[in-house]
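This briefing concerns strand pairing and burial in a single structure. Please consult the sequence and the 3D view while reading the points below.

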Amino acid sequence: MVQKYQSPVRVYKQPFELVMAAYERRFPTCPLIPMFVGSDVMSEEQSEDGCMHNIERRCKLDVDAPRLLKRIAGVDYVYFIQRNSLNRHERTLHIESHNETFSNRVIIHELCCYSVHPENEAWTCFEQSASLDIKSFFGFESTVEKIAMKQYASSIKKGKEIIEYYLKQLEDEGITHVPRWCPSGPSASSATSSSSFPSSSSANNNNKALAAPTLARPTELPITPSISITAPADPAASTSTSPLQDSLALACKEGSSPPSSLNEPTAGTPDDKLDADYIKRYLGDLTPLQESCLIRLRGWLQETHKGKIPKDEHILRFLRARDFNMEKAREILCQSLTWRKQHQVDYLLETWSCPQVLHDYYTGGWHHHDKDGRPLYILRLGQMDTKGLVRALGEESLLRHVLSINEEGLRRCEENTKVFGRPISCWTCLVDLEGLNMRHLWRPGVKALLRIIEVVEANYPETLGRLLILRAPRVFPVLWTLVSPFIDENTRKKFLIYAGNDYQGPGGLVDYIDKEIIPDFLGGDCMCEVPEGGLVPKSLYRTPEELENEDIRLWTETIYQSASVFKGAPHEVLVEIIDASSVITWDFDVCKGDVVFNIYHSKRAPQPPRKDPLAGHGITSPGGNNVQLIDKSWLLGQDYSMVESPLTCKEGESVQGSHVTRWPGFYILQWRFHSMPACAATNLPRVDDVLATLQVSSHKCKVMYYTEVLGSEDFRGSMTSLESSHSGFSQLSATTTTSSQSQSSSMISR
């Protein structure tokens with residue numbers, strides 16, 4: 001398996017020419033990289049005007065590996081080939097390196113680039129990407145991967161120190177400016193106080209350190225607007241030393257090989273790169289490999305959601321919840337985004353109107369912040385009549401209220417990040433259990449609590465920084481036994497439980513909350529506006545039938561519908577068009593399986609829809625309807641015609657599009673099961689295909705869709721003005737884009 005690494009953009013607040021002068025000083029030897037024995041210039045060429053300078057080196061590393069492993073591997077040194085391409089006119093340096101030793105067993109490929117900052121030409125950007133593919137290494141493949149990953153991360157940090165070291169050395173020598181190359185002169189390399197670029201003799205010296213440089217092409221990075229941030233940053237940004245080469249050397253030392261978790265380049269626009277200063281200021285200190293995971297997942301979301309992606313803080317929470325396992329984080333994040341979209345959670349703060357009974361009897365509210373700057377939420381659970389609230393409001397209303405609290409928490413974290421000047425991504429919750437008794441263990445109430453915990457855990461991971469449980473009574477262990485299995489282990493580690501008045505002593509509340517804001521009901525001097533609660537009057541109770549209808553209404557208030565698609569049983573939606581030139585728009589997510597999307601036109605009205613045609617074969621469609629409109633006796637091209645080319649959509653894709661109708665009549669939107677083609681090299685079916693046909697579940701797909709028709713009188717001719725897609729993540733995304741369509745187009749997100 002190929003492991004990939006992608007770095008954020010690292011910014012040096014020095015001009016390109018000065019950074020290049022520092023870069024060249026790493027050669028021929030570098031005291032900060034003792035592993036490198038030296039390097040030989042294999043080829044070198046320079047243009048007549050001195051603008052272009054290309055050099056290729058063979059770099060030699062002394063591998064401090066166990067003698068036994070060296071004998072097994074049959075080598076004493078590890079060699080890398082590195083190619084540098086400097087363009088003084090465009091002010092770029094591209095570096096590409098790969099391993100020569102063990103190239104039939106291990107493939108290491110690195111790309112790095114130094115370039116001028118797009119918004120400040122007096123600054124220099126550095127970007128880096130690398131890949132590692134361990135095919136075989138004498139049975140030490142797994143060990144090689146782990147050791148290489150660890151060494152690679154440390155090498156990246158060391159590389160930054162190397163550039164900073166030589167920049168400081170230049171400054172100590174009084175060299176603070178290197179003139180730019182000018183086409184009118186033979187070469188602008190001769191600086192007033194230093195030389196910008198060495199000739200081939202000095203290039204010869206560039207070998208040792210170059211064995212360490214690990215550089216990457218920036219053009220393949222996913223990027224964020226944060227590159228324009230002017231927050232304080234280190235003068236130097238990233239290294240030119242090649243961590244990958246260091247890591248291969250260390251890997252060989254320990255019976256292992258090069259780095260493992262290297263990031264893949266992702267498609268992005270040049271204005272959209274994450275820079276290292278932005279990450280540190282708004283997201284916190286991340287290891288290089290954690291940065292890589294964030295950039296890769298973010299890049300994947302950019303490709304699949306076309307700009308409608310969550311904020312970086314939110315993506316990072318899901319990565320942390322899965323210990324930066326990108327595949328697992330991507331799975332739960334996509335599920336959460338689909339859930340948010342289906343239930344319009346992004347608009348909850350704008351649309352949710354808190355019932356009066358919650359204002360009066362829900363004993364929770366926001367109260368200043370803790371000592372770390374985290375928003376502080378106080379819940380007086382012991383004073384809350386959970387039974388009364390459930391009987392008066394129902395489980396779904398309580399859940400929606402708790403979701404609004406979490407959405408408000410996300411908003412407050414963003415505000416506090418700006419106020420305190422450091423990343424704040426979670427909040428503190430203080431739960432007062434005074435008054436908790438057996439009535440709180442009322443079974444429907446506990447059921448509602450477990451449901452709320454389940455939804456919050458799935459969709460708001462890593463938002464709870466600390467949970468302070470105060471005045472826990474004897475009955476608390478019973479409640480804890482019921483709810484703890486539903487709480488993530490990482491979350492449970494954040495719980496601090498105090499019995500009686502223990503919270504008042506050393507190690508108690510004052511360690512986490514400033515004394516000035518401790519609520520009055522806990523012995524502090526600060527007035528707290530959290531309601532005191534009390535019993536909900538029975539006159540406010542509602543009948544089970546009323547609650548059930550209310551619950552159904554709450555959670556069916558969505559513009560999206562779900563449908564199941566089976567092999568041989570597509571799902572079809574009828575759109576009747578009275579006026580030509582109307583616009584049919586659609587927005588759908590492929591939740592499960594692969595489908596083919598078609599649009600047909602017919603002058604004839606289809607027969608009443610047939611539902612669940614496979615029921616006779618023992619197949620049903622729970623969790624989504626399945627409707628066919630096109631009669632099997634109809635002939636394509638005679639009874640109905642195709643007006644759009646078929647569109648194959650993969651599982652996890654989000655598709656938005658539109659079609660300008662040419663004729664009145666009946667239009668049918670169809671989602672049908674997509675069968676994988678058999679292997680082209682043979683007429684025999686593949687084993688996977690045969691196994692798939694034996695599983696009914698593999699013949700089922702699920703889509704969540706929304707369609708809308710814009711009348712011709714409302715259409716002004718600009719497809720970019722269509723705003724029919726309601727799938728933006730407004731609360732989680734700084735910007736939400738709409739579909740940009742031509743006369744008939746679909747935008748796919750993978």
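In this predicted model, strand S2 (residues 10-12) pairs with S8 in the antiparallel sense, and 3 bridges join the two. Within that pairing, Arg-10 has Phe-126 of S8 as its bridge partner. The points below turn to the other partners of S8, to its burial and to a residue of helix H3.

**Further pairing of S8**

- Strand S1 (residues 2-6) runs antiparallel to S8, and 5 bridges join them.
- Val-2 has Asp-133 as its bridge partner in S8.
- Strand S7 (residues 106-116) also pairs with S8 in the antiparallel sense, over 11 bridges.
- Asp-133 of S8 is likewise the bridge partner of Ile-107.

**Burial of S8**

- Strand S8 spans residues 124-134, and 11 of its 11 residues are buried, so the strand is largely enclosed by the rest of the structure.
- Both faces of S8 are covered.
- On one side, the buried residues are Thr-124, Phe-126, Gln-128, Ala-130, Leu-132 and Ile-134.
- On the other side, Cys-125, Glu-127, Ser-129, Ser-131 and Asp-133 are all buried.

**Ile-163 in helix H3**

- Helix H3 covers residues 141-172 and contains Ile-163.
- Ile-163 counts as buried because its relative accessibility is 0%, and buried means under 20%.
- Ile-163 and Tyr-23 lie 140 residues apart along the chain, while their C-alpha atoms are separated by 6.4 Å.

Technical notes
Residues numbered from 1 in each chain as written. Predicted model: local features only at pLDDT ≥ 70, side-chain atom pairs only at ≥ 80, totals over all residues. Heavy atoms only, no water. Buried < 20%, exposed > 50% of the residue type's maximum accessible area, 1.4 Å probe, protein only. Helix = DSSP H or I, 4+ residues; strand = E, 2+ residues; numbered from the N terminus. Pairing = 2+ DSSP bridges.
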